[in-house]
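Reader: Please take me through the enclosed empty space in this protein. I would like a close look at the cavities and at what lines them.

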Amino acid sequence: MLAERTRGGRGAPAEAGGLAGVLAFPERLPAPVGPEVLDGVRALLDEAAAEATVVGGWTDDDPLRLAKGPVGWLVRCPRRALAAEAGGPPSDDLVLGLLVDAGTKLVALAARRPVTVAGALGYLAAQGDEVVAAHLDALDGASRRGVLDEADARIARLEDAWPEVPADWWPRVEEPVRVRLAGGTVTVTGRLDALIGGPPTGRPGVVVEVKGGRWYDGMRADGHLYALLTGLRDGVAPAAVVTLVADGTAHVEPIRPALVMHAAERLELALRTAASLAAGEPADARPGAHCAHCPARPDCAPGTTYLATHDDRPAP
């Protein structure tokens, strides 16, 4: 089964692909990557983490803690990895993303359908989130309605892409995953949007990543990292990562040994980069379309120059 990217609606036949096709035909997935690969991967990462610890100076009491975002930026642009997030109120795009994420969690939990933006707001309130409500309260009537209508449309598209999941696949949302390396001086963590199947269900594992904006190829790296971390935790990697995007895209990526190794090599690079930064080495700026939303942009000459000469900014 090759990686596939589809657009389809709820009720479409499983042959159309997407998450429905993965669950309907698990026999089409590759054999899960197991200890024959993961043991070597762990040894590689333990060695890289130990070497990075010598340079970076981390200890068991004060370890390096990395999550998905920092790992990605350490690889893509170390200058961005060091940049603090911009202060001030959240943007409409951020609020939309939080609403879409909450709505999709309700879909995955088989909540009453259709899932609406009102339900997503209720979910966030129950989780103690005050950011979204405060942002919406600060908007004028027309702006508030515009954000809520757009969120409703994006949630509906994601709900459309989510099939009924049989109970024996045991879907879980916000699944935490943590991997300790080099005796605990380095910890890499993640929180999966959803995990379907995998130990102890007897079904192949499927990681589901939900994105509230528009598809771009860089989204794949997030799923690769989560497949790696889940494999190191469970002793067997998920058989596939499915990325569901609010623009209607459903990207299915089978997890094979080469992809697990590639994800490990990216994490190894992130560890070595983090160590060099901790030791005081200058942070390289690697400009690209991501510069448009970078908080370091005002003080980053390469990023400013790139944006002045390119028109490939990613859509929100």
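Author: Here is a walk through the cavities and their linings. The model is predicted. Rolling a probe the size of a water molecule over the atoms shows where empty space is left. Across the whole structure, the search finds 2 cavities of 30 Å³ or more.

Start with the largest cavity. Its space comes to about 80 Å³. The lining has 14 residues, and those closest to the centre are Cys77, Cys291, Cys294, Cys300 and Gly303. Two helices matter for this wall: α4 (78-82) and α11 (301-309) each supply at least two residues of the lining. What is the make-up of this lining by class? It has 8 nonpolar, 2 polar and 4 charged residues. Cysteine counts as nonpolar here, so the four cysteines Cys77, Cys291, Cys294 and Cys300 fall in that class. Gly303 is also among the residues closest to the centre, and glycine counts as polar.

Now the second largest cavity. Its volume is about 40 Å³. Asp101, Thr104, Lys105 and Ala108 line it, together with Trp162, Asp193, Ala194 and Val210. Helix α5 (92-108) and strand β4 (186-196) each supply at least two residues of this lining. Which element gives the most? That is α5, with 4 residues. By class, the lining of the second largest cavity divides into 4 nonpolar, 1 polar and 3 charged residues. Asp101, Lys105 and Asp193 are in this lining, and Asp and Lys count as charged.

Technical notes:
Residues are numbered from 1 along each chain as its sequence is written. This is a predicted model: local features need pLDDT of at least 70, side-chain atom pairs count only at pLDDT 80 or more; totals for chains, interfaces and linings use all residues. Side-chain values use heavy atoms; hydrogens and water are left out. On a 1 Å grid over the protein atoms alone, a cavity is a set of points where a 1.4 Å probe fits but cannot get out, and a pocket is an open set with protein on both sides within 12 Å along at least five of seven lines; lining residues have an atom within 4 Å of a point. Grid points are joined across faces, edges and corners, and a volume is the space filled by probe spheres set on the points.
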